[in-house]
Amino acid sequence: MKKNKKIRDFFKSLKFRLVFLCMMVGIVSTVIIRIGIMSAYESRAVSNRSIDILSQAKILANQMVDTGYVDDTSSETITAQLEQLSQIYDGRVMIIDSSFHIVKDTYDLDTGKTIISEEVVKSFQGREISNYDSQSRYIEMTIPLVRNDPEKELQETIGVMLVSVSTDSIASTLSYMQNRALILGLIIAILLFAFGFLIAGRITRPFREMASSIQEIQTGYGDNDGELNIDKYTETVQICEKFNKLYSRMKMLDDSRQEFVSNVSHELKTPLTSMKVLADSLNGQEDVPVELYREFMQDIGNEIERENKIINDLLSLVKMDKSASDLNIASVNINEMIEQILKRLRPIAEKQQIELVLESFRPVTAEIDEVKLTLAITNLIENGIKYNKENGWVHVSLNADHQYFYVKVEDSGIGIPEESLEHIYERFYRVDKSHSREIGGTGLGLAITRNAVLMHRGAIKVFSTEGEGTMFTVRIPLNYIA
Ligand code: ADP
């Protein structure tokens with residue numbers, strides 16, 4: 001199993017692919033060159049041989065016409081020359097007369113027989129024909145024997161000379177060359193393999209270095225301070241940059257996770273510590289009056305409520321965690337939803353003499369998770385009430401266009417200092433810790449709101465002037481974008 005994986009890994013490796021590519025390029029080009037050279041040599045050799053034979057055959061043909069050899073083949077000189085021609089070129093010469101009879105055959109096999117082939121017939125019409133049969137390895141030529149009659153200004157074909165010569169010698173040269181080319185090809189392949197191996201090793205080295213650096217970073221060793229820096233290629237530089245970004249983001253996430261855990265523990269411990277102090281002071285006193293008991297128990301009850309609120313907010317926040325949550329999307333009447341929220345918050349607002357007003361510009365229906373968005377908008381309005389002044393107001397407005405609906409929550413409260421604006425969505429962040437705690441804040445409200453808005457692919461913005469008031473605007477798509 002492990003061995004199989006190793007083999008698979010080897011074939012999938014960049015190194016193997018580079019060696020393979022190198023060899024393939026080399027082999028394919030040698031094969032193409034070999035085929036090209038071979039066929040060029042073959043056609044050149046055949047054409048040279050054909051020209052040689054043709055020129056000699058033509059001289060002989062003229063002599064035969066002059067001596068009337070077609071009608072009387074007794075001329076020994078010409079017969080000898082014909083024999084010589086067929087010997088030199090390892091071939092056969094036949095002379096055919098006008099009635100297609102073979103009057104001379106240097107092989108002495110077919111003399112007297114009749115021959116009617118396409119080439120012979122065409123040659124009787126005065127054409128020279130040359131054919132090369134690479135399969136059977138011979139060249140066949142037919143040359144007309146033409147007699148000029150100067151008196152009648154006539155040309156008459158009195159016979160045809162058929163020469164067929166073997167090209168075995170060309171074929172053997174070809175096969176010799178082919179063998180040499182094969183050996184050369186093999187040598188080139190071996191050289192290319194070695195070269196490819198060397199080059200591939202060099203090319204892939206930065207990637208191996210990168211892997212070992214990552215390993216070092218992972219195990220916490222190495223002197224690169226968690227930075228990956230292989231600047232051999234543009235690609236490695238880009239990968240390193242991306243890796244470093246990812247790594248620092250992971251470090252940041254880990255830091256913020258640790259901070260979150262320590263914040264959570266701290267926040268959960270505070271009410272417990274208060275309760276312990278209250279309980280201890282009751283236990284440490286003798287004959288405690290009932291009123292004091294009642295008062296302390298009331299305080300302990302408040303701390304439990306606070307603990308409960310923190311835990312509930314934490315649970316809501318976990319639910320709003322983008323990856324862990326699944327939205328429960330449905331078509332919701334937003335006007336009604338906001339009216340319901342205001343109805344629930346009105347008693348709290350009245351208690352603090354805060355005027356709570358809703359302005360709806362048009363009826364809005366949207367695809368949302370009602371529970372999560374209700375929580376988000378409740379937090380904003382609740383903050384508007386909590387961080388307000390005496391006889392202040394909170395204005396909520398709802399509007400929409402063809403793509404989004406907009407909720408605006410404006411208050412006449414204490415406002416947020418400019419330097420705090422970028423932190424208010426952080427978990428447990430509070431501008432004034434003691435004030436927020438006093439009025440029952442956990443520092444998780446806006447974190448929950450922002451997560452809920454982002455889950456709906458929406459956006460949230462804040463505008464605030466210290467001492468004058470704050471405005472939150474929320475924009476949510478009418479149709480849920482998955
Ligand atoms: P909390 O539970 O403390 O209200 P939030 O996350 O809801 O936590 O808000 C974070 C901090 O932002 C608050 O502690 C408060 O200081 C500030 N803040 C939020 N809303 C307002 C507002 N409408 N006016 C003034 N300050 C606000």
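Tutor: Start with helix α9, residues 370-386. This helix lies across β7, β9, β10, β11 and β12 (469-477). Its direction runs at about 20° to β10. Keep in mind that this is a predicted model.

Student: In what order do the strands of that open sheet come, and how are they paired?

Tutor: The general idea first. Strands of a sheet pair through backbone hydrogen bonds, either parallel or antiparallel. Here five strands form an open sheet in the order β7-β9-β10-β12-β11. The pairing is mixed.

Student: Which are the edge strands?

Tutor: Look for strands that pair on one side only. Those are β7 (355-360) and β11 (459-465). From one strand to the next, the twist averages 10°.

Student: How many bridges join β7 to β9?

Tutor: Six bridges join them, and the two strands run parallel. Strand β9 covers residues 393-400. To find one bridge in the model, go to E359; its partner in β9 is S397.

Student: Which strands does helix α8 touch?

Tutor: Helix α8, residues 334-351, packs on the sheet and touches β7, β9 and β10 (404-411). The direction of α8 makes about 175° with that of β7.

Student: Now the ligand. Which residues are closest?

Tutor: The ligand has 20 residues around it. N383, Y387, S436, T442 and L446 are the closest. Then check polar atoms pair by pair. In the side chain of K386, an N or O atom is 3.2 Å from a ligand oxygen. G445 uses its backbone: an N or O atom there lies 3.3 Å from an oxygen atom of the ligand. At T470, a polar side-chain atom lies 3.4 Å from a ligand nitrogen.

Student: What share of the ligand does the protein bury?

Tutor: Compare the ligand alone with the ligand in place. Alone, the ligand exposes 530 Å². The protein buries 97% of that area.

Student: Take R306. Is this residue buried or exposed?

Tutor: R306 counts as buried because its relative accessibility is 13%, below the 20% cut-off. R306 sits in helix α7, residues 290-319. Its side chain reaches the backbone oxygen of G441 at 3.3 Å. Beyond its sequence neighbours up to four places away, R306 touches E267, R430, R437, G440 and G441.

Student: And I102: buried or exposed?

Tutor: I102 is buried, with a relative accessible area of 4%. This residue lies in strand β2, residues 102-105. Outside its neighbours within four places in sequence, I102 has contacts that include M94, I95, I96 and K113. For a distance along the fold, take V70. V70 and I102 are 32 residues apart along the chain, and their C-alpha atoms are separated by 9.4 Å.

Student: What is the phi of F100?

Tutor: Most residues other than glycine have a negative phi, and most peptide bonds are trans. F100 is not a glycine, yet its phi is positive, about 65°. F100 is found in the loop between β1 (91-97) and β2.

Student: Where is R137, and what is its phi?

Tutor: R137 is in the loop between β3 (129-133) and β4 (138-149). Its phi is near 55°, a positive value in a residue other than glycine.

Student: How does the accessibility of R137 count?

Tutor: R137 counts as partly exposed because its relative accessibility is 40%. That class lies between the 20% and 50% cut-offs.

Conventions
Residues are numbered from 1 along each chain as its sequence is written. This is a predicted model: local features need pLDDT of at least 70, side-chain atom pairs count only at pLDDT 80 or more; totals for chains, interfaces and linings use all residues. Side-chain values use heavy atoms; hydrogens and water are left out. Two strands pair if DSSP finds at least two bridges between them. Helices (H or I, at least four residues) and strands (E, at least two) are DSSP runs, numbered from the N terminus. Axes are lines fitted to C-alpha atoms, for helices over the stretch in contact, and angles run from 0 to 180 degrees between N-to-C directions. Contact means heavy atoms within 4.5 Å. Buried means under 20% relative accessible area, exposed over 50%, partly exposed in between (1.4 Å probe, protein chains only). A residue is near a molecule or strand if one of its heavy atoms lies within 4 Å of it. A polar contact is a pair of N or O atoms within 3.5 Å; within protein, one must be able to donate a hydrogen and the other to accept it, and residues adjacent in sequence count only if both atoms are side-chain atoms. Accessible areas come from the Shrake-Rupley method with a 1.4 Å probe; for residues, only the protein chains shown count as cover.
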